Structures are given as C-alpha cells and as structure tokens.
Amino acid sequence: MFEKILIANRGEIALRIHRACREMGIRTVAVHSTADSEAMHVRLADESVCLGPPSARDSYLNKVALLSAATITGADAIHPGYGFLSENADFAEMVVEHGFTFIGPSPAHIRMMGDKITAKRAAQHAGLPIVPGSDGAVQNEAEALALANEFGYPILFKATAGGGGRGMKVATCPEDLVEAFRTARAEAGAAFGNSEVYMEKYLQAPRHIEVQVLGDSHGGAVHLGERDCSLQRKHQKVLEEARSPALNEEQRETIGETARRAVERLGYTNAGTMEFLYENGQFYFIEMNTRLQVEHPVTEMITGIDLVREQIRIAAGAPLGYTQKDIRFQGHAIECRVNAEDPETFAPSPGRVTDFHQPGGMGVRVDSGLYQGVMVPPHYDSMVAKLIVHGASRNECLMRLRRALDEFVIEGIHTTLPLHRKLMRSPTFLDGAYDIHWLEHFVEQGGS
C-alpha cells in the first residue's frame, strides 16, 4: 500500500480524498494556489505545497509543478480527483513515466473515452447500446444534411473532444441544420482547440442515467448501481439520486449487468461511470467518465462502499475482494450540489463566508471545505458543498432532505440552497416525474 499520496485537486474533493487516505493510514500532500492557502484540505494534510498564482493554468493545471511537488515530498502516488487533470491522458502518462502511480484508469482508457467518437465505437464493440448517429466526425454541411434525412429530425451536434454542453447544438429541420453545424464547430474549436463535431439522433425527453463501475487488474468487475442525474441546468448537474425513480428492478439489473460486462471486455481498471440517456424503455450510451464523479457519495450511501478507498486499493494492485453477488443496495440517497451563485440569476458569488452551519443527524452527510471565515475565491468552479441524504425509502429520504436543507446555513455569499428548497415543494420532483429538460423550465418559471 502507498505511504504518501499527493492530492492534485482542491475544495471538497481534495478533503474527501484526504479523509479516505487518513482512514487507510496513508499520509497526504495537499497542493494549492495562493488563493487557496487557507483551504481546509491544506490545513489538514500532512504536508502542503504552493503550486503558484490563482489562475488554474498556473497552479492546478501546471503538470510540471505537480510532478515537482510529488518529487520533493516523496509521494508514491497522485490522486487527480475530478476536473482539472483527472481525465488528461498525457498527465497520467507523465505521472507513470516519473515513477509515481496514477490513481485512476490507464492512460490508454482515458484517451479512448476522452474522444467521443472513439468512445462510441469502443462502447459498441463492448456491447453497449448507442444512440443512432454518424460514424465519426461530420465533415461538411452536405454530409450533415444527408445523415439528418437518414435519422430523421431533430438531430444533435456534439463536440468530439469535450463536454459540459459546449459545442452542442440541436437542429429541428433542414433550415436549422447549417447554422447549428457552423455554430457547434465554432464553439468546439474555441472551447477545446478541436472543431470536429459528430451527429446523433436527438432524444426529446430522456432521463440521464449513469452506472458506477469498478474494475481491478485481476479481471474483477462490478457495477454499483445507477444514479439518476436528469436534474440539469445548462447541461450541468444540480441534483442526483440513487436509485433512479424511473426504473424498475428488471431495467436496473439489465443496464447494470450490461455496464459490468463492458468493463470486463474493455479490460478497464479503477473507477468509472458509464452515462446513458433513457427514453421509452431504451438505454443509449453517450459517454464514459474515467474518474471519480462529483455525485459518487449517493452510490456510497446505498452500497456502503467507499469509492475513494477502492480507487486507492485498485491502483495499489489489490483485487476487489468481492463479486457482483456480494453487492447489496440499501435505501435511497439524494445529493444536492450547493454552488456559490445567486439563486435567481446564477451569477457567481465569491467572497468570505461569515457564518456556516451544516446540518447533521441520522443519514445526513455534508462534503465541503467551507468553514466560518474562509474566502471562496472567484477563480474556480462555483460548487462549495454537497448535501447528501440517505433514507430507507425515497419518501423518507425526501423528508430528511427537506429538514436538512432548512438547517443548512451559509452566509456572506449567495448560494443555490434556495433553489433546492424550492425543489422540495415541487410535485413533479417529488413524484420523480422529471426529465433532463424539466429543471430548465422550472427555473424559468421562478421555481413554481
């Protein structure tokens, strides 16, 4: 087992990884920018190294600085968390080349799944159902028009090299298609340095269902159930729950086993998440995230399995030590992402936290690096906390979540806590009858 791990991230996920390491008897190295010098993970780690100025490019994305920090502190391994360099195959290769262990999948698998077209082909080969679409990048408008006539409208253009909604455009008719194609290419080029886009049949009211998987270097593979991530705003997840209220047991078993077999066929190691769109009883693979997900705690709550601990064990060469039949799913869990944003305009709201009180009680977990007096910098992602609640049933979970949200206090900055409280009063959400477009309409109507 590793003696010392460098955590190449910040915020709540850096603190989450630190805690798992401590429970395993592993020392930690925190890295930080000058803007994060007073962050909680920096205070708690065994050692800390300042990477540089606030800009992520000069700190958390600085590969040379990260490797230098690992070298001077004598770290054995590097955990990338999520975001930043977590799905950067070049960085994973550099980590290995410099004698450290990268806590994640192989660079080859990161590269395979990082390109949407390659990922789609690999998924199809591994037996995953895919959305009808182009074989590769669409080269020109004429090809796009011909394919759209074959699939039928509406269609969706997506960047081959990215995600997060950038480079995604919908065309509902031939008159829209040319403009959508050009705009998608321009956005993809600006965001990712690669203007290639591919095309898929656009599903009009799907759910976003993802399956958590684990694979070890000994051929072991399991799935840890599905999560429903359909509550999204501008393609960014806002609330996730496990298990999905849209699926029955047969559907859950089918998609879970399909994902597990794909892990075996791909020879994938470490943690990963296979994402699907689900509509009219059919699943369609859209991408695989080759890292820990923001919403991993809901899976931990219903399985009792520490995913960060498993990532570390697998990276150290240990077998899973259990098979699919050993996995037990208990109850229901929901996660609310709390962002430092105005709850009406969603404008970023950095600043100093003047008062902080997190909820507690049975089945309540808060993952956050906040504390009273800490400064929330303006340079990074706005998520500052995750409230995760577990109950024996979905109804119990919802009642507990409502109570926990009422207890949660963050002052000095604006947060999206009021949005989550409004969700708790929505009949559509409470009934679990939402799709990936519902939250946008809910927000536009003022949460009514």
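For the pocket linings below, Ala, Val, Leu, Ile, Met, Phe, Trp, Tyr, Cys and Pro count as nonpolar, Asp, Glu, Lys and Arg as charged, and the others, Gly among them, as polar. The model is predicted, with local features needing pLDDT of at least 70 and side-chain atom pairs counting only at pLDDT 80 or more, while totals for chains, interfaces and linings use all residues. Residues are numbered from 1 along each chain as its sequence is written, and side-chain values use heavy atoms, leaving out hydrogens and water.

On to the second largest pocket (a pocket being, on a 1 Å grid over the protein atoms alone, an open set of points where a 1.4 Å probe fits, with protein on both sides within 12 Å along at least five of seven lines; lining residues have an atom within 4 Å of a point). This pocket holds about 180 Å³ of space, a volume being the space filled by probe spheres set on the points. Its lining splits into two nonpolar, one polar and seven charged residues; among them are Arg-16, Glu-23, Asp-306 and Arg-365. Two elements, α1 and β17 (364–368), each give two or more residues to this lining, and α1 has the largest share, with four. Helices (H or I, at least four residues) and strands (E, at least two) are DSSP runs, numbered from the N terminus.

Just ahead of α1 sits Ala-8, in the loop between β1 (4–7) and α1 (11–23). Ala-8 is buried, at 5% relative accessible area, where buried means under 20% (1.4 Å probe, protein chains only). Beyond residues up to four places away in sequence, Ala-8 touches Val-31, Leu-66, Ile-78, His-79 and Pro-80; contact here means heavy atoms within 4.5 Å.

Then there is helix α4 (residues 89–97), whose buried residues are Ala-89, Phe-91, Ala-92 and Val-95. They sit on the same side of α4, because they cover an arc of only 160° around the axis, taken from the directions from the helix axis to the C-beta atoms. Packed against these buried residues are α3 (63–73), β4 (77–79), β5 (101–102) and α5 (107–114). Asn-88 caps the N-terminal end of α4, with a side-chain oxygen 3.1 Å from the backbone nitrogen of Asp-90. Just after α4, Gly-99 takes a positive phi of about 90°.

Finally, Arg-394 belongs to helix α12 (residues 394–407) and counts as buried, at 15% relative accessibility. The Arg-394 side chain reaches the backbone oxygen of Leu-430 at 2.7 Å. Leaving aside neighbours within four places in sequence, Arg-394 also has contacts including Glu-241, His-332, Asp-431 and Tyr-434.

Note on methods. Buried means under 20% relative accessible area, exposed over 50%, partly exposed in between (1.4 Å probe, protein chains only). A polar contact is a pair of N or O atoms within 3.5 Å; within protein, one must be able to donate a hydrogen and the other to accept it, and residues adjacent in sequence count only if both atoms are side-chain atoms.
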